[in-house]
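The following exercises ask the reader to trace strand order, pairing and chain contact in a structural model. Each task is followed by a solution in steps.

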Amino acid sequence: MISSKLWDWSSPVWLLIALLLIGYLVLVRGPSRAQLAIFLGGLLAIALAFISPVGVLSDGYLFSAHMVQHLVLLLVVPLCILLSLPKEQMTTWCQDARLDRIGRLLDVASIGWICGVGAMWFWHIPTLCSTAAQRPALGLVRDLSLVIAGIAFWWPIYAPCERYRLSPLTGIAYLFSACLGCTLLGIYITFAPLSVCPVFASPVDRIGILNSLYDAGLTPGIDQHLGGLMMWVPPCILYLGAIISLLCRWYSITDPEPQFLTPSAQPSGATR
Amino acid sequence: MFPVFQPESPEAQAIYDLFLLVLMISAVIFIVVAGLIAVAIWRGRSRATLPKQDFGSEKREIYWMVGPILVVFWITAISAKLALTVNAFPKMQPPDDTAAEADLTVTGHQWWWEIEHRDSGIVEANEIYIPTGKKMRVKLQSADVIHCFWVPQLARKMDVIPGRENYIWLEANQPGTYQGRCAEYCGNQHAWMNFKVYALSPADFDQWEAGEKVTPGTPAEGDAVAGEKLFFAHTCANCHTVEGTLAQATIGPNLTRVASRQELAGGAIENSTENLTRWMKNPQAIKPGCRMPNFKLTDDEAKQIVAYLESLD
Amino acid sequence: MSTEVATPFEPITADSSTGLLSWVSSVDHKRIGILYLLLAVFFLLVGGMEAVLIRIQLSTPNNTFLSPELFNQLFTMHGTTMVFLVGMPFFTGFSNYLIPLMIGAKDVAFPRLNAMSFWMLPFGAFLLYFSFLTGAAPNAGWFSYAPLSTKPYSLGPGVDYWIVSLIVMGVGSIAGAINIIATVLCLRTPGMSLQRVPLFVWIMLMQAMLIVITIPPLNSALALLCVDRWLEAAFFEPVRGGSALLWQHFFWIFGHPEVYVFALPAFAMVSEVIPVFSRKPIYGYAFVAGSSTVILLLSYSVWAHHMFAVGLGTSANIFFSAMTMLIALPTGVKIFNWTATMWGGSIQLTTSMLFAIAFLIQFVIGGLTGVMFAAVPIDWQMTDTYFVVAHFHYVLIGGVVFAIFAATYYWFPKMTGRMLDERLGKWQFWLWLVGFNGTFMVQHFLGAMGMPRRVYTYGDNPGWALLNGISSASVIFMVAGTLVLVWNIVQSLLHGEVSGNNPWDAFTLEWATTSPPPETNFESLPEIKSRRPVWDQQHPEHADWKFAKTPEDGGHRPDRAQVCAWAFVISEAVFFVLLLVTYIVFNAQASGEGPSAATVLDVPRTGVFSLFLLSSSLTFWISERSLRAGRRRAFLSWLGITILLGITFLCGQGWEYAGLLANDVTIDRNLFASTFFTVTGFHGLHVTAGLVALAIMFTLGRQNQLTKVHSKPFGAIGVYWHFVDVVWILVFSIIYLGAFQS
C-alpha cells in the first residue's frame, strides 16, 4: 500500500523528540499548562515534518513537501520553543551576564531579520538546494541552521523577556519586510522556469510511488508552483497573525510604558 | 438575453450555480448591513440628547467577525473546488506535454479568430463548428497581442497570450449558435472581434465536415471568372488562402468557404452581397483600422470579386 | 544656496500674501493643499467630460459619434486622469491641508519638497495631455498591457507621453508621501502619541507608506517599457524571448495596492465624518486603525486576482483567491465599526453625513461584487465585462468619490471660513445618488449580457440598447449634480454664511483654530490627553480621558532627515528588487543564443572595482564620525576619498561598458544584454546621484558651512550611499556570480 510507505515510523527523529521532551521537563520549571501544550505542539510539528508523508515526500520526491518541512523548522518549531518558555524563569536566567549578552545580541533586529529571511534564500540557491537534498550530512546542517535562524528571527518579537522585544511598531515593520522577503522568494519559485531545486525535477523513485504522485496531478511543474506558494502564503499569514498580536499589544491601554521607536534599532528595510 | 445566466454546457452550468449561490450570500450580507445602517439612522435621526459615549468593546468586535470569517472561508472553499474541476485535464503526464492532444487550435489575430481542426485539418475564421456532447480540448494562442476567448454560454474565459499556450474545454449540451467575443482589449477594433460557435448534432457535424473537405472548384462562367483573375491581380493572395488555388497566405482569414459564413469582419456586418461589396470597396469605412487596405476598386471590379468570393461555398 | 542650507527647514514667506505669484511660490502646506484640490477638481471635470463622451458614444448600438481611435484614446485618458490626476491629488490635497492641523504642527516636515511634489503634478499632466496635440493620445488602456503598448502595436508617441508623465507624477507622489510620513512621525504636538492621532491621520499615514512601496513597481515596469520602446529591447516581446505576462505582474503589483491607496483615504475621511455627525467617538478605534494596517500589508499579496483569466495555473489562482478573500475581512471590520458608531448616536443628516452614508452602502455593494470576483470561477465568467466596470465604479465613485464629497462639505468651512449651502448640497446629493446608481447599476446586467469592456461600439443585441441607453441617460444627473456643486462653491465663496472655528462641534485639533487657519496654524493648542482634544475642551464633564485611557506620549520623535532617507531608500529598494527579479526571470536558464553573463563579463576585474565601491562606505562612515566630532579636516579628507572611490567604481563600469559595446553587446542584442544594461545602468545612475550629493556636501564643507549640527542630514545622505552599496552587493552576486542560475 502506498499510504503505509508514506510514513517513516523508524526515523531517528523520535530520539530527538524524546531528548527534547526530557530536557524540557527537567530544565524548565513551572511551565503553565498552555506553555506545556505549545511545547508539545512544537514536538508534534517536528514529528510531522519528518515522520509523516511530508517528511517522506520531502526526501527527494516533492519540492512542495520539502518547503513545508522548511517552514515548520524555520517558523513553527522556533516559535513554539520561544512561547513555551516561562517568563519568570527566563528573566532569572537572563540576569546571567553571558546569557544576557546573547539575548542582547539577538535583540539587534537586523541579525534576526537576516537570519530568518537569509536562511530561506540561502538554502534555495539552486546548487545548494540540490546538494543539501542529496547529502544527508549537509541536510542535517541545513535543518539545524533553519531552527537556529528561526529562533533568532522570532527573538525580537516573542523573546521570553520583555526587554529583548522590539517596540510593536518596529516589530510590525520587521515582520512586514520579512513577509516581503518571503513573497519575493515565493514569486521567484512560483514563476521560475524549472527548476529551482533540480533534484526534484527528476526524482529517483526510491519507494515506487512516483506514478501515483503524477496521477494525483503532482507533476514537477505543479509541485514547484505549490512549493513557491507554500513559501509565500503560509509564512505571510503567520507574520500577519504576529502583526495583529503586536497591534493588540500596542493599542492595549494596560501597557504600562508606551512603546516608541528608537531609530537605532531598525531592521534593514524598516522605518517608522 | 443573459448568456451568463443561460449556460449550455456542464462547465458553464457549474459556474452559473456558483455565481447564483455567491450572489445570494452577498444579497443576504447586503440586506443585513444596509438594514443595520438604516435602523441606526432611523433611531438616531431625532435623538436630541447627547448619546452615550461608547468607545467600543473588544469582545463584540471579535464576535461579529466570526460570521464574515466563516462566510469567506466557505466561499473560498467552494470556489476553489470548482476551479479545480473546471480546469482539470486528465492524463497529465510529465513533462506536461499535452499540446498534441488539442482538438481545436484557436489563434487570436488583430481582430479576428483563426480556428484549425486537428483531425480534419479544416481551417475556419470567426466560426467554430463543434459536435454536441463532446468535450473539445481547445488550444489558445495569439499571433500578436493579448486577446481573450469567451463564449459565455459554454465555457470560462481564457486569455490568449503571445508566447504561451492556454487550454480550455469547449462543450455544448444542445445544438445551437453561441455568441463568442474577445474580452481583452486588444487595440483599435477590439469591439469587432466576435465569433460564433455552431454546435451541431454529431450526425450533422459529420456531414458538415465531409462537405468542408471538398475543395471548391474554380468558377467556370460569369463575373466570377473575371473576379478570380482580379483576386490574384490585386494581391489578395498575399494575405489570404483559398484552398485549391495558389493563394496560400495566412495573414488574413482563410477564404476557402467565405460565402458560407454568416458574418464578416469579426461580426461587424452580416454576410450579404451588398455588405460584401461595401467591404470590398472600402474595408476601412466599415472597420476603421483593420489590416485590410482600401484597394480603390471600381464598381465593376468590386462586383466581379464579390461574385468570385460568393462562388466559394 | 548658502541661506537655504543655513536654515534648512524654515518655510519661505512670499512678500505679499495675495496674488497669483504668492500661490505659485507658496510653500505653505495649506496653500499647497488647496492647489492640489483645485487641480483635482479641474481634472475631475476633464476626466468627467471624457466619460460623458464615452457614454454618448455607447448610448446607441453601432454609433459613429466617435471614431474607434478616439474612443480608445478617451477611455485610456479617462482612466489615467481619474487615477493619477483626480484621485491621488484629492487625497494628497486633503492630507496636506489637514494633517499638520490635526497633529498640531506648523507645517509639513519638508515644505519645499512639498511644493516640488505638487508642481511635478501639473507638469506631468501637461505632458500627458500634450499627447493630444501630437495627434496620438495614448490608446492602450490605463493599464497599457504589453505587447499592445510596445512599438509594433502602438507606433505613435502617445504611449511615450503616457510613460514619461506617469514617471513624473510618480516621483511627485513618492516625495509627497515621504513628506506625510515624516510629518506624522516627527512633528506631532506634545501629548499626541501615535495611538492618539485622529483616524484620518493614522490611515493617511498608512496610505503614504503604501504609496512609498507601491509606486516603484510601476516605475520599474515603465522603465522596462521605455527600454523596449526606445532602445529596442524585447522584455515584452515573446518572439524574441520576452514575456507578455511580466508587464501584467509588475503593473498589478502596483495596481492593486493602488486601489487601497484610493480606498484608505476614503475610509480616513468617513472615519472623521461619521463620528462627528453621530455625536459619538468612533467605535473600536484600535480596530479601525489596526485593520488599515492589515490592509496595507495584505494589499501587496493579492495582485494576481487581476490575472485569473491568463492561465497562471490553478494552484496560484486559488492562493490568490484566498488572499483576496482575506483582505475583505479588515474592510468588513471597518464597515461594522462605522455602523456601530452610528448605532445609538444622535444622527445629524447634514449633506456631508448623507454622502458618508451613501458611501457606506455603495461601498458594501462594490465590496461584495469584489468578493464575487475573488471566487475564481466567477471571475472567469465576469472579468473584462461591464460587470467589472460596474464593480470598480461602485468602489471608486460610489465609494471614493462620495467620500470625497462628504469630506468637501465637512472641511470646506475650515478651508474658506464659509459654509456650503445645505439646500444646494442636498440637491447635489440626490442628483448624484440617482445619476450614479442609474449609470452603474445597469452595467452589472450588461456584464451578464456578455458585453465586454472597452468596446467602442456594439451590435444591436437584445437588451443592450435599452440598458446602455439608461446608463448613458443617467449621466445627465451626475453632470447636473456637479454643476450644482460648482455653483454652491462659487455662491459660498461670494456670500456664504460665515462658519466660525468649529461649525460642526467636531472633535479634532483642526477645529481648535480659526477658519481659515492663520499662516502658523495655531495661536494656542488645547492640552492633548485623549483622541478628541477639542471635544474634551468643549465638554469637560464628558472628557474622553476620564473614561477611556489611551497610551501617554513618551515624547520621543525620530529625526526627520533620517525618516526621509529611510523611506526613500525603501522605495528605491523596491524598484531595484523588481529590476533584479526581471534579471533572474530572463536569465535563470541560459538561453544559448547570444552573449550571457558567463561569456562576456569579466568577473575578477569588476570584483576589484566593487571593492572600491564597498570601501567607500567605510570611508564615508569615518567621515561622518569626524563631522560629528567636529574634526573638519578629517571629515573633508575622508569625504574626498569617498568621492574618489565612487568615481573609480564608475570608471570601472565605464571600462566594462566600453568593452561590451566594442564586442557588439548592445542593449537590444538579447535579453541578457537588456537586463544587464538596465540593472547596472540604473545602479550607475544612483551612484552618480549619490556622488553629486556628496560633492555638494564637500563643497559646503570646504566653504566652512557644515558643522556638527548638520551631521544628521549628512547621515541621511549616508543612508542612501550605504544603500547603493548594498544594492551593488546584490547586483554583483546575482549577475556576476550567477546566484539563482541553474
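**Exercise 1: A sheet of chain B**

Task: In this predicted model, determine the strand order of the open sheet of chain B that contains β4, and state which strands form its edges.

Solution. The open sheet has five strands, arranged in the order β4-β10-β9-β6-β7 (chain B), and the pairing is mixed. Its edge strands are β4 (127-131) and β7 (158-160) of chain B, each of which pairs on one side only. On average, neighbouring strands of this sheet are turned by 25° against each other, direction ignored. Next, consider one pair: β4(B) and β10 (residues 195-200) of chain B are parallel, with five bridges. Within this pair, Glu127(B) has Lys196(B) as its bridge partner in β10(B). Finally, helix α3 (residues 202-213) of chain B lies across β4 and β10 of chain B and runs at about 130° to β4(B).

**Exercise 2: A further sheet of chain B**

Task: Establish the order of the open sheet that includes β1 of chain B, and find the bridge partner of Gly108(B) in β5(B).

Solution. The order of the five strands is β3-β2-β1-β5-β8 (chain B), with mixed pairing. The edges are β3 (123-125) and β8 (166-170) of chain B. Strands β1 (residues 104-109) and β5 (residues 136-142) of chain B run parallel and are joined by five bridges. In β5(B), Ser142(B) is the bridge partner of Gly108(B).

**Exercise 3: Contact between chains**

Task: Describe the side of chain B that touches chain C.

Solution. In chain B, 73 residues are in contact with 76 residues of chain C. The elements α1 (10-44), α2 (58-86), β7 and β9 (176-182) of chain B each supply at least two residues of this side. Its residues divide into 44 nonpolar, 17 polar and 12 charged.

Conventions: Residues are numbered from 1 along each chain as its sequence is written. Chains are lettered from A and ligands numbered from 1 in the order in which they are written. This is a predicted model: local features need pLDDT of at least 70, side-chain atom pairs count only at pLDDT 80 or more; totals for chains, interfaces and linings use all residues. Two strands pair if DSSP finds at least two bridges between them. Helices (H or I, at least four residues) and strands (E, at least two) are DSSP runs, numbered from the N terminus. Axes are lines fitted to C-alpha atoms, for helices over the stretch in contact, and angles run from 0 to 180 degrees between N-to-C directions. Two residues are in contact if their C-beta atoms, placed from the backbone, lie within 7 Å. Ala, Val, Leu, Ile, Met, Phe, Trp, Tyr, Cys and Pro count as nonpolar, Asp, Glu, Lys and Arg as charged, and the others, Gly among them, as polar.
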